Amino acid sequence: MLIDSAKHLLPPGAALPSNEVSDALAQRLRKHTEGEVLFDAGSRGRYATDASIYQIMPVGVLVPRSERDIAAAIDIARDLKVPVLPRGGGSSQCGQATGAALVVDNTKHFRRVLDVDVQQRTATVEPGLVLDHLNAQLKPHGLWFPVDVSTSAQATLGGMAGNNSCGSRSIAYGNMVHNVLGASVWLSDGELVNFGPVSRLGARAADIAWFVRDLARQHRAQIEERWPKVLRRVGGYNLDIFDNQSERPYTEDGSVNLAHLLVGAEGTLAYTRSLTLKLSALPSAKVLGVVNFPTFHAAMDAAQHIVKLGPTAVELVDRIMIDLSLDNPAFRPTIESALIGKPAAILLVEFSGDDKRALLSKLKDLVDLMGELGLPGSVMEMTDDAPQKNLWEVRKAGLNIMMSLKGDGKPVSFIEDCAVPLEHLAEYTDHLTEVFGRHGTHGTWYAHASVGTLHVRPILDMRQAGPHGGAAKMRAIAEEASELVRKYRGAYSGEHGDGLCRGEWIEWQFGPAINEAFRAIKHKLDPIGLFNPGKIIDPPKMDDVSLFRFAPPGAPRPYRTIALKPVLDWSAWDVQSDPLTEETTAPGTGGDTTGGFAKAVEMCNNNGHCRKFDAGTMCPSYRVTRDEQHLTRGRANTLRLALSGQLGPDALTSDEMLQALDLCVSCKGCKRECPTGVDMAKMKIEFLAHYKARHGHTLKDRLVANLPDYARAASRLPWLFNLRDTLPGAAWLSEKLLGLSAQRSLPKWRADTFWRSADASMFASQGDTIATAADGGKAAVLFVDTFNGSFETENALAAARVLKAAGYTLHTLAKNDGHHCCGRTYLAHGMVDQAKAKTGALIDALLPLARNGVPIVGLEPSCLLTLRDEALVMGFGVRAEIVSKQALLFEEFIAREAKAGRFKLKLDSVDREILLHGHCHQKAFGAVSPILAVLQLIPGAKVELIESSCCGMAGSFGYEAKHYDISMQMAEASLLPALRNAPEAIVVADGTSCRHQIADGAQREALHVARLMDTLLR
Ligand SMILES: Cc1cc2nc3c(=O)[nH]c(=O)nc-3n(C[C@H](O)[C@H](O)[C@H](O)COP(=O)(O)OP(=O)(O)OC[C@H]3O[C@@H](n4cnc5c(N)ncnc54)[C@H](O)[C@@H]3O)c2cc1C
Ligand code: SF4
Ligand code: SF4
C-alpha cells in the first residue's frame, strides 16, 4: 500500500515496482541473504529521508550482514528491475540518500578497517565505517584521514566518497577525491571490479578508463570552457580525471586514478565494497587565531590575504551564528572566549604542523597582517589545545545551531555551498544577501572561507504554496544565485553534492555536451540504471513539491497532521517565525493540529547526529543495537509519519510505534545533545498516554507505576513484599506473570523508611525554615523521593546530616497517608492524569517554601529534575515555574552554596580514587560538573568521571525480562568495564537505578554522594 502511495514521490526516470515485485524482492532477499529485510511501512519510512527537504519512500530496506548478502541483493534487484541505493549515515543534505529503491544500509555490519599500512600511509576500509572511528584507530600510528567533515561522528567513508565530501581543512588536504587511492566495487551486472591507478587496472576497469579518456578528449574544449576551476567543485562526474581542472591536482604525481571517477558519483555508478585511502601525518601542534571583524564584508575581503599565510583552515562564523551560540548554555563560554568586543563576524584561522615555534611565528604574521589591513588588536590568539578544540566544536555545530529555529520556516539547503574564487567572495556574499532581502528572507553565513565555500541557507517555509511559498522562493533565489556563480566563474555545487536539489543544475553548469558525456559514463558503468536513479542523470526539478518532506497544499500528497489533543503542553513548539527577524509568535499560535506535538517532532531534520558514539549520552539504544529504528532520528521520523497519517490510520497508537519507542530508555540524552533539542523522553510520555488509552495498562505497568502509592503499606510488611526474591520460584513466576526478569533482584522493602527513621529534631518547621531564609540565613527543604525514602533510607538521612552539619535549617515534607511523590513512575507508564495528581500535590506542598526563596533539595536525579522538566508542561502554570526555579539536586545546591562561600564542612580525606558515574538526567541538565565540584571539597579526592552513556537500568527498563539483555549491553558498553578496571575505587552514582545496575553487573556498591560525604564528616 505504501508503494502505491509513494508513486508521486518518484523522480522522473525511476521505475516504481508493483506490490508483487516488491513482495517477490522481500521474499527472495529473505531466502538468499542473512541480512535484515525490512519492508514494513515504518522501516521504509525511516529510510525515506536524509538531511534534505525531500522524502521518497524506498521499496524496501536491507541491512546486509555479509558481502555475499550485498552481492545477492544486487543480483536479485537487477533480476526484478528494482533500483538499488547504497546508504551510509544518511546525512546528505541534498536528497541523494533517498530514493524509490532497495536501500542497503552499510552502517551496521560494514565498519571494519581492513588494513593499515603505516609506512605507505594507506588504509583500506569498509564503506559503513564512520570517519571518527577510523581516525580513533589511526591515532596510535600518528596518522589520520584528514577530510574532516563536520559530520565526522556519523558520516561513513562510503557516503563521504559518494558525495566527494570536503572538510574544514580542505585547503591543506584537499577533498575526498584527493584522498581516495582505490575502490573495490560491484558494477550493476554483479562483477566485482577494482578501480585504481590506470596503470594497474584489470580488463574491465581498463575498458572503462579508456572510454572515459576518449570522452574527455572528445569534450576537451568544452571541459576547458565550462569546468569550474575552483577546488570546491563536486557537481556531475569527474570527467576531468584525464585532464585535471581542479585548483589542486587529483594526484600528487599527475597520474590518473580511475577510482576518482566514482568519488562524488552519489552511488549512481557502482556499489562500493571497500575503499583504499591516503592517510596523512597527524600534526602534533596547532595554533588558532580568531580574527574579529567589524563588518562581514571586511571578513570576506580579508580571506584572500589570510590564505597566503598558509593556514590549514580559515572558517567563518557570522554574527547570527555568534548570537545563537551565545544563547546556548553549552556553547556560550567557548564562544565568549573567542570574541573581542562585538564583532560582525569572526574567522578561525588555524596553522598546524609539527614545529610549534614555527606556528607561533605564523600566528604573529597573522596579527601583523591584520594590523596592515587596518585591524590591529583584532586577533584572539589560542595556542593551547583545549580552547581550540572547544571552539572547533562550536563551529562544527554551526548548521545544527541554526536548524534549531522553531516554526515552519527553516534554513533550507539548495544554494548552500556555491564556491567562488576568493577575490570575489566579499562581492558574492554582499549580492546574495541582497537577493535574500528581496525575497523577504535572510541567511546565516558560516564555514569554509579559505576555499570560497560559504554555507548559507535562506529561511523558507516549504509547506507554504503559491508565490510566497518555499518552492517558489527557492526557484527564484536559485536562479539569481546561479547568475552570481556564473559571473564569478564559481561552482554551483561545491561540497554537499547534487542529489535532488542540485541535479537539475548540472547541465546549467557544464552545458549540454558534457551533460551527455555524463550520461554516457552512467550508461557505460550502469547500463540498466540500477544504482540510485534520478541522481546526477535525469534528475527531477529541485522544486518538485511531490518530493518534499513537507509538501504544500496543492501537491499530490500535501503534508497534514492529524487532529490530536495532547496530554502534555507542547505549545512552545506551536509557533511561527519571521523569516527576516527570526522572531517567533506566541506559544500556541502556530496552527498545529496536535497542539505543538507534531512541530516538536518535526524539529528532527535528520542530520543523524544521534548516531554518534563519542562522549555524552545520546543515544544508548542505538549504541547497542545500531538499528535506525532504535535511534532518536528513527523514532522522530516514525512519530512524524504517524502524526501526518503517512503510516495509515491509528498508526500513532499502533504496536509498530510501540516497538519504535520500546528501547528508548528516556535518558533525555537527546534533549541536551540533539542539536535541535528533540526531546524523545517527553515524546515517549505523550505517546504512551495515547497508546495505553487505547490498549490499556498491563499488570506490570500498574505494579511499577503505583509503587509510590503502596510503598507505605509495603514497608509495614517488608518480608511479604520481599518474598519475590526469597521464595524459590517466585522470581521465575514474576517473569512469567509480570515480565520482570528473574535474573534481577528487586529493590528491598524495609520497615525503617526515612519517614519512620528520621529524627524529628533534625528538621525545622516550614515557618522556621521560611523565616531563616527570609533573614538571609541558611535554609533548605529536603525533598525525599519514594526510592531513597523507602529503599535507601541511609541516603536521605546522610543528606540531612550533611546539610545540618553545614549549618542549614532544614525542613522536610510530611504527608499523613504516605509521602510526596514527583509522579515519575506514572509518567514513565503514560499515566499522565495520575502523575498530574502527584506532581500537583508536590508542587502545592513546596509552593509556600519556593515562593519564599527556600531552595528545594532532592537526591534522586530523575525525581527532583521532574520539577524542572515535565512539571512545566503538565498544566500547572506559574506555580510549577516558581517551584522549578528553586529545585536543585543535592550536589547542585552544595556546589552553588560553596561557590558563594556559604557551605563549609570539615571532611576527612580519602586515599582511594573516586569513580563517578553520572545519571543520564544529571547529564541532560548539566548537573555532572556540580558533583565533580562537590567531590573536590573532599581533601585528597582524585575523581574520575566515567565516560558512559546510560547505565541501562533506566527506571524499570532493565528489570523487565524483554529488556534485560539490552540493559546489560548498555552497561557493558563502558560503565562496567571502567569499574572492573578500577577494583579499589570508591564508586559514586546518584541514581537509584544506576546503583542497582552497578551492584548487579559489577558486584560493587555505589554510593550517593551524600553518603560519601556523610561518612567523611568529622
Ligand atoms: C549538519 C551537517 C553538516 C555537514 N557538514 C559537512 C561537511 O563539513 N562537509 C561535507 O562534505 N559534507 C557535510 N555534510 C553532508 C554529509 O554529512 C556528508 O556528505 C557525509 O559525508 C555523508 O556521509 P553519509 O555516511 O551520511 O552518507 P549518505 O548520506 O548515507 O550517502 C551519501 C551518498 O553516498 C552514496 N553511498 C553511500 N554508501 C555507498 C556505497 N557503499 N557505495 C556507493 N555509494 C554509496 C549514497 O548513495 C549517497 O548518494 C553535512 C551534513 C549535515 C547534516
Ligand atoms: S533527532 Fe536530533 S540529532 Fe537525531 S537526526 Fe534528528 S535532529 Fe539530528
Ligand atoms: S531519550 Fe535517550 S534513549 Fe530515548 S531517544 Fe533520547 S537519547 Fe535515545
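The following exchange sets values from a predicted model against the definitions behind each term.

User: How do you know which features may be reported, and how are residues, chains and ligands labelled?

Analyst: The model is predicted, so local features need pLDDT of at least 70 and side-chain atom pairs count only at pLDDT 80 or more, while totals for chains, interfaces and linings use all residues. Residues are numbered from 1 along each chain as its sequence is written, chains are lettered from A and ligands numbered from 1 in the order in which they are written, and side-chain values use heavy atoms, with hydrogens and water left out.

User: Why is the contact between Arg220 and Asp243 called a salt bridge?

Analyst: A salt bridge requires a side-chain nitrogen of Lys or Arg within 4 Å of a carboxyl oxygen of Asp or Glu. The closest N and O atoms of Arg220 and Asp243 are 3.8 Å apart, and the pair therefore satisfies the rule. By this rule the count comes to 63 salt bridges.

User: What makes this pair a tie between separate parts of the chain?

Analyst: Arg220 lies in helix H9 (residues 220-226), whereas Asp243 lies in the loop between H9 and helix H10 (259-262), so parts 23 residues apart in sequence are tied together. Helices here are DSSP runs (H or I, at least four residues), as strands are (E, at least two), numbered from the N terminus.

User: Are Arg220 and Asp243 called buried or exposed, and what decides it?

Analyst: Buried means under 20% relative accessible area, exposed over 50%, and partly exposed in between (1.4 Å probe, protein chains only). Arg220 has 45% and is therefore partly exposed; Asp243 has 18% and is therefore buried.

User: What makes Asp679 and Lys671 a salt bridge, and how is each classed for burial?

Analyst: Their side chains meet at 3.5 Å, N to O. Asp679 counts as buried because its relative accessibility is 4%, and Lys671 counts as partly exposed because its value is 25%.

User: Which residues does the network of salt bridges link, and what is known of Glu870 and Arg824?

Analyst: The network links Lys668, Lys671, Asp679, Lys682, Arg824, Asp869 and Glu870. The side chains of Glu870 and Arg824 meet in a salt bridge at 2.9 Å, N to O. This pair links distant parts of the chain, 46 residues apart: Glu870 is in the loop between helix H37 (861-864) and helix H38 (878-886), and Arg824 is in helix H35 (residues 824-827). Both Glu870 and Arg824 are buried.

User: How do you know that Cys920 is in no disulfide?

Analyst: A disulfide is a pair of cysteine sulfur atoms within 2.5 Å. The nearest cysteine sulfur to that of Cys920, belonging to Cys950, is 3.8 Å away, and Cys920 is in no disulfide. The structure holds zero disulfides. Cys920 counts as buried because its relative accessibility is 7%.

User: Which residues come nearest to ligand 3, and how does its shell divide by class?

Analyst: Of the 13 residues around ligand 3 (a heavy atom within 4 Å), Cys619, Arg635, Cys664, Cys667 and Cys670 come nearest. Helix H22 (632-643) and helix H25 (680-695) each give two or more residues to this shell. The shell has nine nonpolar, two polar and two charged residues, where Ala, Val, Leu, Ile, Met, Phe, Trp, Tyr, Cys and Pro count as nonpolar, Asp, Glu, Lys and Arg as charged, and the others, Gly among them, as polar. Cys664 is buried because its relative accessible area is 7%.
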